[in-house]
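Here's a quick tour of a protein chain, from its overall make-up down to a few individual residues. Keep the 3D view open as you read.

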Amino acid sequence: GGQGSYEEAFGSLAGFIEELNGSGSVIAAARSVYYEQEFLTRANTSSEMGSVSWRLTPVEVSSWDERTLSIYLARFVENKGLSAGEAEVFSAQVHEVLSEVDVSGQALLSKPLFVARACELILDGRLESGSSLLDRLVSGYVQREVSEKLIGHDGALLTENQFEQLLEELAIEMWRQRARELNRTSLREIVSLFAQVYDLGINAQENLVDGAPNRALLTTGSKPNTIRFEHDLFFGYFLSKHVVHAALNGRRSLGLMLRRANLPVEAAR
């Protein structure tokens, strides 16, 4: 959990497992098999007992399927106190909405985050029909954020369009920095420039900076005082808007933009 090197991290983990001496379990989650292979090598090297004191059992996290979705929906409607009739109608609505294929070519019902978000918005009556599911998810959350949360003494701090433009600027800056997270300094600079364009006061700026990790479609990053998009599809969604704007300005404008950094696959799709 610290800021040390990989050697320190793997060494500490190996030492801890050795202390368990086969009498406990550790669940270590990682996004890449790289860490699994590194652990196998380094844990054996760091421990005098080698692999005698531990056994590794790899577990792969699977995408959701219809059965998983049904279990989640049953718990969701129970927690919301819906009647049997209401639950049946709600379940049908969710299946209809999530049967769409998103921009990455995958059914969104296999992604727990999108299932949870879609259920919330459907129950609130904010998931309008017509456009793609990703468009509707973004629109629903932006609408709720602006009308219910981004409120100052004089009313809404931003319009829906302005909030989407701010998210687009955050995505562009992440792309320029070749990162998926922004630190507080970068965030403050973007909000400051944004405030100049739309004549926002100091209180509004502080609200946007301090509350950024809790805003719609955003969350805290892996490092202290950083933010990131809640899902890579949201990052690609707002970055793709920048690509479209550049393309509409002509090939030269698009070419200059694409020279800055490689375009992530989420945005390209």
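What follows starts with the whole chain and then moves to the core, a cavity, one helix and some single residues.

## The chain as a whole

First things first: this is a predicted model. The protein chain has twelve helices and five strands. Of its 269 residues, 38% count as buried.

How much surface does the protein chain expose? About 16,400 Å², with carbon and sulfur atoms supplying 48% of that area. As for how the chain folds back on itself, take the contacts between residues at least 6 apart in sequence: 57% of them join residues at least 24 apart.

## The nonpolar core

In soluble globular proteins, nonpolar side chains tend to be buried together. Here, the largest nonpolar core holds 62 residues. Which of its members touch the most others? Those are Leu170, Leu217 and Phe229.

Phe229 is a good one to click on. Beyond its neighbours within four places in sequence, Phe229 has contacts with both Leu170 and Leu217. Its other partners are Leu167, Ala171, Met174, Arg180, Leu218, Thr219, Phe234, Phe235 and Phe238. Phe229 itself belongs to strand β5, which covers residues 226-229.

## A cavity

Searching the whole structure turns up one cavity of 30 Å³ or more, and the volume of the largest cavity is about 60 Å³. Its lining is made up of Phe163, Leu166, Leu167, Leu170, Leu187, Leu208, Ala212, Arg215 and Leu218.

Which helix gives the most to this lining? That would be α7, with four residues. Helix α7 spans residues 160-176. Leu170 turns up twice in this story: it lines the cavity, and it is also one of the core residues that touch the most other members.

## Helix α9 and its two sides

Helix α9 runs over residues 202-210, and Ala204, Gln205, Leu208 and Val209 in it are buried. Viewed down the axis of α9, the buried residues fall within an arc of 130°, so they line one face of the helix. The general rule behind such patterns is that an α-helix has 3.6 residues a turn, so residues three or four places apart point the same way.

What do the buried residues of α9 pack against? They sit against α7 (160-176) and α8 (184-198). On the other side of α9, Ile202 and Asn203 are exposed. One of the buried residues, Leu208, is also part of the cavity lining.

## Two residues with positive phi

Leu217 isn't a glycine, yet it has a positive phi of about 75°. You'll find Leu217 in the loop between α9 and β4 (218-220). Is Leu217 buried or exposed? It is buried, with a relative accessible area of 3%.

Asn225 is another non-glycine with a positive phi, this one about 60°. Its place is in the loop between β4 and β5. Unlike the buried Leu217, Asn225 counts as exposed, at 59% relative accessibility.

## Three helix residues and their partners

Ala87 lies in helix α4, residues 84-98, and counts as buried at 16% relative accessibility. Leaving out residues up to four places away in sequence, Ala87 touches Val77 and Leu82. Ala87 and Val77 are ten residues apart in sequence, with 6.0 Å between their C-alpha atoms.

Glu120, in helix α5 (residues 112-124), counts as partly exposed, at 27% relative accessibility. With the same sequence neighbours set aside, Glu120 touches Phe76, Tyr141 and Arg144. Phe76 is 44 residues away from Glu120 along the chain, and their C-alpha atoms are separated by 9.4 Å. Then there's His242, in helix α10 (residues 232-248), which is buried with a relative accessible area of 15%. Leaving aside neighbours within four places, its contacts are Glu168, Ile172, Met257 and Arg260. His242 and Glu168 are 74 residues apart in sequence and 7.2 Å apart in space, C-alpha to C-alpha.

Terms used
Residues are numbered from 1 along each chain as its sequence is written. This is a predicted model: local features need pLDDT of at least 70, side-chain atom pairs count only at pLDDT 80 or more; totals for chains, interfaces and linings use all residues. Side-chain values use heavy atoms; hydrogens and water are left out. A nonpolar core is a set of buried Ala, Val, Leu, Ile, Met, Phe, Trp, Tyr and Cys residues joined through side-chain atoms within 4.5 Å. Buried means under 20% relative accessible area, exposed over 50%, partly exposed in between (1.4 Å probe, protein chains only). Contact means heavy atoms within 4.5 Å. Accessible areas come from the Shrake-Rupley method with a 1.4 Å probe; for residues, only the protein chains shown count as cover. The arc is that of the directions from the helix axis to the C-beta atoms. On a 1 Å grid over the protein atoms alone, a cavity is a set of points where a 1.4 Å probe fits but cannot get out, and a pocket is an open set with protein on both sides within 12 Å along at least five of seven lines; lining residues have an atom within 4 Å of a point. Grid points are joined across faces, edges and corners, and a volume is the space filled by probe spheres set on the points.
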